[in-house]
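Work through the exercises below with the sequence and the structure open. Try each task before reading its solution.

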Amino acid sequence: MATANTKPTGRASSAAKESLFIWEGKDKSGKMIRGEMRATTVTVVQTVLRRQGITAQKIRKQAFAQGKKIQDKDITLFTRQLATMMRSGVPMLQAFEIAIKGCGNPSLARLLNDVRTNVETGSSLSQAFKRHPQYFDALFCNLVGAGEQAGILDSLLDRLATYKEKIIAIKGKIKSALFYPIAVVVVASLVVAVMMLFVVPEFKKVFSSFGAELPGPTLVVIAMSDFFVAYWYIAVAIIVGTISGVSYTYKRSEAMQIAFDKMMLKLPIIGDVIRKATIARWTRTLATMFAAGVPLVEALDSVGGAAGNVVYKTATKLIQSEVSTGTSLTVAMQNANVFPTMVVQMVSIGEESGQLDSMLGKVADFFEQEVDDAVGGLSQLLEPLIMVFLGVVIGGLVVAMYLPIFKMGAIAG
């Protein structure tokens with residue numbers, strides 16, 4: 001039995017909503033063949049097969065598992081696989097087929113299958129990627145398009161995969177730097193809530209039988225516990241409402257995004273790490289696009305968003321505006337006033353020597369190493385601070401609860 005892959009032509013192939021159908025049938029010689037086809041309905045599949053001289057016997061719609069959400073690391077892994085296979089001489093469509101079969105996430109498999117189908121029907125690879133902007137951003141599509149035009153798609157895919165791997169690594173370091181203190185605060189909050197709701201009321205029952213005046217810290221803690229027990233749902237509503245409100249407003253208010261990102265850059269200790277990581281992403285993105293032959297003004301379109309900080313995104317727009325009027329990149333970056341002197345000087349040397357992409361890459365390497373060192377030192381610095389925090393919060397509650405017992409013991413002694 002032979003197998004074949006068939007695709008619809010004409011209007012059916014350009015339909016907005018298509019499904020994958022698996023079919024079996026006989027050709028004009030009576031030989032059994034089977035294949036798959038993307039179409040809107042079973043009728044379309046039958047019509048296309050009939051035109052090709054195939055008598056359809058079985059047609060069924062392919063059922064897909066839901067799959068996990070497609071993450072940036074999934075796209076990065078696919079990019080690396082595609083770059084490796086194409087550099088090894090594997091044809092593009094066959095490379096897609098291999099990537100789809102080896103994909104463990106059904107959601108990603110469907111996405112790659114859609115891209116492959118678009119390429120099969122005549123679209124360029126960059127155009128096929130552009131149809132899925134939620135997964136392939138402008139930077140990704142521009143680099144792929146530049147590689148197609150220059151005939152070096154495999155090289156550009158390799159460069160793009162390296163870029164995405166470095167960006168994911170730098171994001172991971174920032175998350176690890178922020179995760180530890182946030183996790184400690186969350187755990188401490190849960191411990192305090194449990195103590196206020198369940199532990200302190202039990203102590204209160206014991207203290208009520210003492211018949212003596214309780215120390216001031218103990219009275220404060222008991223009053224707080226009474227409030228929590230009586231109005232815990234209000235506290236939960238305030239916390240959830242505040243988080244939801246801030247998140248909703250942040251997504252829709254540029255002014256709040258700028259204020260929040262400015263605040264993040266000014267945070268003690270962590271702010272410096274975030275700034276270095278942002279500069280590393282900014283320079284890495286510009287170096288990658290410029291090396292791919294993307295014009296500087298056009299490259300700056302993608303650089304601002306890739307930086308991950310509204311302050312630098314706004315500064316990039318100003319830089320782009322000045323560069324488009326003939327100002328050098330060095331002067332434009334100086335005017336933006338968000339880059340350290342070392343970065344500006346390296347860019348200046350790159351412009352003068354005609355090696356801007358190389359200098360930007362070295363700046364990115366330097367700041368990525370700086371982030372590595374800062375995150376390593378941050379863990380050592382935060383540990384004693386967190387111990388002090390836990391001692392004051394949790395230890396303070398415990399001491400306040402045991403003060404009456406110590407007092408009674410002193411009186412009895």
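The exercises cover the largest pocket, aromatic pairs, two helices and single residues.

This is a predicted model, in which local features need pLDDT of at least 70, side-chain atom pairs count only at pLDDT 80 or more, and totals for chains, interfaces and linings use all residues. Residues are numbered from 1 along each chain as its sequence is written, and side-chain values use heavy atoms, with hydrogens and water left out.

**Exercise 1. The largest pocket**

Task: State how much space lies in the largest pocket, and describe its lining.

Solution. Start with the term. On a 1 Å grid over the protein atoms alone, a pocket is an open set of points where a 1.4 Å probe fits, with protein on both sides within 12 Å along at least five of seven lines. Lining residues have an atom within 4 Å of a point. A volume is the space filled by probe spheres set on the points.

Now the values. The largest pocket holds about 1,000 Å³ of space. Its lining has 37 residues, and K171, R281, G305, A306 and G308 are the closest to the centre.

Next, the sources. Helices are DSSP runs (H or I, at least four residues), numbered from the N terminus. At least two lining residues come from each of α2 (72–87), α6 (138–150), α7 (153–208), α9 (254–266), α10 (270–291), α11 (296–307) and α12 (310–324). The largest share is that of α7, with 7 residues.

Last, the chemistry. Ala, Val, Leu, Ile, Met, Phe, Trp, Tyr, Cys and Pro count as nonpolar, Asp, Glu, Lys and Arg as charged, and the others, Gly among them, as polar. The lining then divides into 18 nonpolar, 9 polar and 10 charged residues.

**Exercise 2. Aromatic pairs**

Task: Count the aromatic pairs. Then classify F136 with F140, and Y312 with F339.

Solution. Rings of Phe, Tyr and Trp (its six-membered ring) pair if their centres lie within 6.5 Å; planes under 30 degrees apart are stacked, over 60 edge-to-face, and the rest tilted. By this rule there are 13 aromatic pairs.

Take F136 and F140. Their centres are 5.0 Å apart, with 55° between the planes, and the pair is tilted. For burial, use relative accessible area with a 1.4 Å probe and protein chains only: buried is under 20%, exposed over 50%, partly exposed in between. F136 is buried at 1%. F140 is also buried, at 1%.

Take Y312 and F339. Here the pair is edge-to-face, at 5.5 Å centre to centre and 80° between the planes. It links distant parts of the chain: Y312 is in α12, F339 in the loop between α13 (329–336) and α14 (341–353), 27 residues apart. Both Y312 and F339 are buried.

Finally, look for a cluster. F78, F96, F129, F136 and F140 form one.

**Exercise 3. Two helices**

Task: Check the spans of α9 and α4, then map their buried residues.

Solution. The expected span is 1.5 Å times one less than the number of residues. For α9, 13 residues should span 18 Å, and the end C-alpha atoms are 18 Å apart, which agrees. Its buried residues are Q257, D261, M264 and L265. Seen down the axis, they fall within an arc of 95°, so they line one face of the helix. The arc is taken from the directions from the helix axis to the C-beta atoms. A255 and K266, on the other side of α9, are exposed.

For α4 (residues 106–120), 15 residues should span 21 Å, and the ends are 21 Å apart, in agreement. This helix is mostly covered, with 11 of its 15 residues buried. Among them are L108, L111, L112, V115 and V119.

**Exercise 4. Single residues**

Task: Place N337, V338, I319 and V399, and give the burial of each.

Solution. Begin with N337, in the loop between α13 and α14. Its phi is near 60°, a positive value in a residue other than glycine. Most residues other than glycine have a negative phi. N337 is exposed, at 67% relative accessible area.

V338 is in the loop between α13 and α14. It is buried, at 15%.

I319 belongs to α12 and is buried, at 0%. I319 and A336 are 17 residues apart in sequence and 6.8 Å apart in space, C-alpha to C-alpha.

V399 lies in α15 (residues 356–412) and is partly exposed, at 45%. Its C-alpha atom is separated by 8.7 Å from that of P217, 182 residues apart along the chain.
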